[in-house]
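Biologist: I would like to request a close look at a single part of this model, set out step by step for a first-year student.

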Amino acid sequence: MGAYKYLQEFWQKKQSDVFRFLARLRNWEYRQLPAVHRCSRPTRPDKARRVGYKAKQGYCIYRARVVRGDRKVKVAKGIVYGKPTNQGINKNKAKRNLRSIAEERVGRKCTTLSVLNSYWVAQDAKHKWYEVVMVDPYHKVVRDDPRINWICKPTMKHRELRGLTSAGRKGRGLFNKGKNATKLRPSIRASYGAATSCACAATDEPSPRNARNPRTRRCSSGRSGSYSYPAGIEGMLHHVLTLIAESVK
């Protein structure tokens with residue numbers, strides 16, 4: 001086995017004496033550092049390379065600290081002036097995972113860099129630490145590399161804020177496949193809109209977009225007004241015959 005394979009085996013056995021000793025040292029060191037700071041080198045070289053890191057110009061590693069557990073509601077003095085159902089403070093579960101939150105915080109701090117991927121490095125009773133692989137999209141080495149210059153596109157700005165990284169896609173459920181994931185693609189909102197329009201077309205009922213005028217539907221060109229006709233085939237034929245009769249007169 002190569003050196004990276006040995007490192008991978010070492011990080012998989014977290015209950016060993018050596019790993020537990022090193023983890024205590026790392027946790028103590030990380031607690032003295034700021035919540036978001038730059039690393040001189042990746043703590044896990046094998047994992048960093050598996051998620052896309054290269055030891056060359058244009059790449060860097062940032063480490064972020066995230067508080068474990070539920071997300072608290074930010075209200076003054078813990079008082080919610082509303083109904084009892086909305087007065088919970090401490091037990092709200094976040095929809096996103098902590099790794100995605102760490103990527104977001106690093107992306108907001110390093111605005112000129114792009115988030116490529118991230119991985120777990122340490123945790124204690126209160127915090128978790130993640131290392132985020134950052135890429136400079138304006139560096140000449142990155143722009144000239146055909147394997148990574150896709151991240152230089154304008155559409156790749158702040159991927160971490162739109163759920164496009166690996167952690168974000170996992171939080172959106174896109175790692176699931178099969179019949180249990182039919183309503184997750186391309187997204188939950190898009191799937192709901194497509195299902196609603198298909199159901200309306202199957203039942204020949206107006207979609208919620210045309211709910212203001214339930215007796216009319218838009219034509220194929222998408223324009224309304226004089227091009228609208230009553231819903232249903234019979235209504236459309238009646239409309240056409242009416243127009244013919246008016247033209248004959």
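In what order do the elements of the chain run from the N terminus on? With that order in mind, please turn to helix H4: how many of its 12 residues are buried, and against which strands and which helix do the buried ones pack?

Modeller: The model is predicted, so local features need pLDDT of at least 70 and side-chain atom pairs pLDDT 80 or more, whereas totals for chains, interfaces and linings use all residues. Residues are numbered from 1 along each chain as its sequence is written, and side-chain values use heavy atoms, without hydrogens or water.

From the N terminus on, the order of the elements is α-α-β-α-β-α-β-β-α-α-α-β-β-α. The chain thus holds 8 helices and 6 strands; these are DSSP runs numbered from the N terminus, with at least four residues of H or I for a helix and at least two of E for a strand.

Helix H4 covers residues 98-109. Its 12 residues should span 16 Å at 1.5 Å a residue, the expected span being 1.5 Å times one less than the number of residues. The C-alpha atoms at its ends lie 17 Å apart, which agrees with that expectation.

The surroundings of H4 come next. Buried means under 20% relative accessible area, exposed over 50% and partly exposed in between, with a 1.4 Å probe and protein chains only. H4 is mostly covered, since 9 of its 12 residues are buried. They begin with Leu-98, Arg-99, Ser-100, Ile-101 and Ala-102, continue with Glu-103 and Glu-104, and also include Val-106 and Gly-107. Across the chain of 249 residues, buried residues make up 31%.

The buried residues of H4 pack against four strands, namely S1 (36-39), S2 (59-67), S3 (114-123) and S4 (127-135), and against helix H6. A contact means heavy atoms within 4.5 Å. Of the contacts in the chain with a separation of 6 or more, 54% join residues that are 24 or more positions apart.

The loop between S2 and H4 is the next stop, and Lys-93 lies in it. Lys-93 counts as exposed because its relative accessibility is 59%. Although 23 residues separate Lys-93 from Asp-70 in sequence, their C-alpha atoms are 5.3 Å apart in space. Lys-77 is also found in the loop between S2 and H4. With a relative accessible area of 80%, Lys-77 is exposed, and its phi is near 60°, a positive value in a residue other than glycine. Most residues other than glycine have a negative phi, and most peptide bonds are trans.

Helix H6, one of the packing partners of H4, has loops of its own to consider. In the loop between helix H5 (140-143) and H6 sits His-158. Its phi is near 55°, again positive in a residue other than glycine, and His-158 is partly exposed because its relative accessible area is 30%. Pro-186 belongs to the loop between H6 and H7. The peptide bond that leads from Arg-185 to Pro-186 is cis, with omega near -5°.
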